[in-house]
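Trainee: Please take a close look at one part of this model and go through the side chains there. I would like to know how they are placed, what surrounds them and how far each is covered.

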Amino acid sequence: MRTLHSYLLRQVFASLFMTVVVISFLFLLGNLMKDILGLLVSGQANPLLIGKAVGLLIPYLLVFALPFGMLTATLLVFGRLSADQELNAARAGGVSLVALCWPVLLLGLLMSGVCALINLEYGPRSRVAYKHLLHQVGIEESLDLLGENQYVSFDIKDDENDTTVTLYIGRRQGEQLENVMVYTVDRKSGLELYYQSPEARLRVDEIERTLELVLFRAHGAMHSGDTWYPMPQQGEVALPAIRVGRDSDRQRRTSLGNMTLSQLLAKLKELRAATALSHAGQATASDPPPGTAAPPEPPPDLTLPVKVQIHRQVSFSFACFGFTLIGIPLGIQAHRRETSIGFALALILIVVYYGFIILGEALETRPTLLPHLIVWIPTFLFEAVGCVLLWRANRGM
């Protein structure tokens, strides 16, 4: 029995190693071509820069390469065993499928632990360090700081300002923006301002490396003390310039997708406290004076995107085990030696798995649809289907 287990683990390890190397190489090539090619052409990139970029990308890429590798390895190995009648030979010797493959299941569980460590801590940190490396050499363009349907925060710190600006842009076409929400907090005075505007214009000063945002037909509210005061609609509102770039002390905040679990939990606590204070202020606010616009309703549940990211990171950490569970019986049912069949099945399952993850992130502003639970569907689905298929394969092996 020990000989069978050793043989099976060697086969799985070999396939896992080759798959992870190939997938990581493809991901590395794509990222380096996109981010470093321009520097190579201009002569700004050097071997040290490329080496640092590769080293910082590897932990982040392993989050995706390890689950794909476990799925492909189990499909290929057990497909070959089934095609060569080795499983039937093991059964004739009194060895059940579960008794034969439990070391592989244990390996899948171990890989899930490795993925959890990378996904919750080292992957986000390496991604942030990689982004900072690109930022230092001027690759990150100013316009890329602002995307559609996402919240982006900036810190403005100098002798006169100590302000946090949070922006939400519904749609962007070049410099023209639509459905813009702006929330500013002045740490010196404690003054909070909230603007909502149907349209805005973004100006980029490439020399000074600043972003200037002008809101049109904006209305909003001002929070001072414990009370929100409505502000009438204004024709044009120019926000303070936001400096970006390598020469700036005003650093862009880490996006939710690049935060570690501890950072996400701290962010969730911060947003819950801010939401509670905001709701308390609105509840005690007096009626708006005649002729003034009513205060706009704040964005619904600002904590939901953070919750989605927390659940996504934790649920995706179990991908290796789920893929191992479903890969073993599917490889046996495929009954094929061809590597192409294994890769094709793996790609189909990966698309299905990531489809739910992408769906949950796309619905992160729709609390009624419970997007933070949607990201758990593929984890439970793959593990449940894998257990059923493994049980059936064990009985009919």
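Mentor: A residue is called buried if its relative accessible area is under 20%, exposed if that area is over 50%, and partly exposed in between. Keep in mind that the model is predicted.

Cys101 is a plain case: its relative accessible area is 0%, so it falls under the 20% limit and is buried. Cys115 is also buried, because its relative accessibility of 3% is under 20%. The count of disulfides comes to zero. For Cys115, the nearest cysteine sulfur belongs to Cys320 and is 3.5 Å away. A disulfide needs the two sulfur atoms within 2.5 Å, so Cys115 is in no disulfide.

Cys115 leads on to Ser317, since Cys115 is among the residues that Ser317 contacts. The others, leaving aside neighbours within four places in sequence, are Ser112, Ala116, Asn119 and Leu120. Ser317 sits in the loop between α7 (304-316) and α8 (319-334). With a relative accessible area of 4%, Ser317 is under the 20% limit and therefore buried. A polar atom of the Ser317 side chain lies 2.8 Å from the backbone oxygen of Gln313.

Gln313 is one of the buried residues of α7. This helix is mostly covered, with ten of its 13 residues buried. Among them are Leu304, Pro305, Val306, Arg312 and Phe316. From its first C-alpha to its last, α7 reaches 18 Å, close to the expected 18 Å.

Phe316 takes us from α7 to the aromatic rings. Ring pairs link Phe316 into a cluster with Phe27, Tyr60, Phe64, Phe323, Tyr353, Tyr354 and Phe382. The count of aromatic pairs comes to twelve. One of these joins Tyr60 and Phe64, with 5.6 Å from centre to centre and 75 degrees between the planes. Planes over 60 degrees apart count as edge-to-face, so this pair is edge-to-face. Both residues lie in helix α3 (residues 47-83), four residues apart, which is about one turn of the helix.

Neither of the two is buried: Tyr60 has a relative accessible area of 23% and is therefore partly exposed. Phe64, at 22%, is partly exposed as well. Phe64 also pairs with Tyr354, whose ring centre is 6.2 Å from that of Phe64. The planes of these two rings are at 35 degrees, between the limits of 30 and 60, so the pair is tilted. This pair links distant parts of the chain, because Phe64 is in helix α3 while Tyr354 is in helix α9 (residues 339-362), 290 residues apart. Tyr60 has a charged neighbour too: the charged end of Arg127 sits over its ring, 4.7 Å from the centre.

For contrast, look at Phe25 in helix α1 (residues 2-35). Its relative accessibility is 51%, and because this is over 50%, Phe25 counts as exposed. Phe25 and Ile58 are 33 residues apart in sequence, and their C-alpha atoms are 9.4 Å apart in space.

Technical notes. Residues are numbered from 1 along each chain as its sequence is written. This is a predicted model: local features need pLDDT of at least 70, side-chain atom pairs count only at pLDDT 80 or more; totals for chains, interfaces and linings use all residues. Side-chain values use heavy atoms; hydrogens and water are left out. Helices (H or I, at least four residues) and strands (E, at least two) are DSSP runs, numbered from the N terminus. Buried means under 20% relative accessible area, exposed over 50%, partly exposed in between (1.4 Å probe, protein chains only). Rings of Phe, Tyr and Trp (its six-membered ring) pair if their centres lie within 6.5 Å; planes under 30 degrees apart count as stacked, over 60 as edge-to-face and the rest as tilted. A charge sits over a ring if NZ of Lys or CZ of Arg is within 6 Å of the ring centre and within 35 degrees of the ring normal. A polar contact is a pair of N or O atoms within 3.5 Å; within protein, one must be able to donate a hydrogen and the other to accept it, and residues adjacent in sequence count only if both atoms are side-chain atoms. Contact means heavy atoms within 4.5 Å. The expected span of a helix is 1.5 Å times one less than its number of residues.
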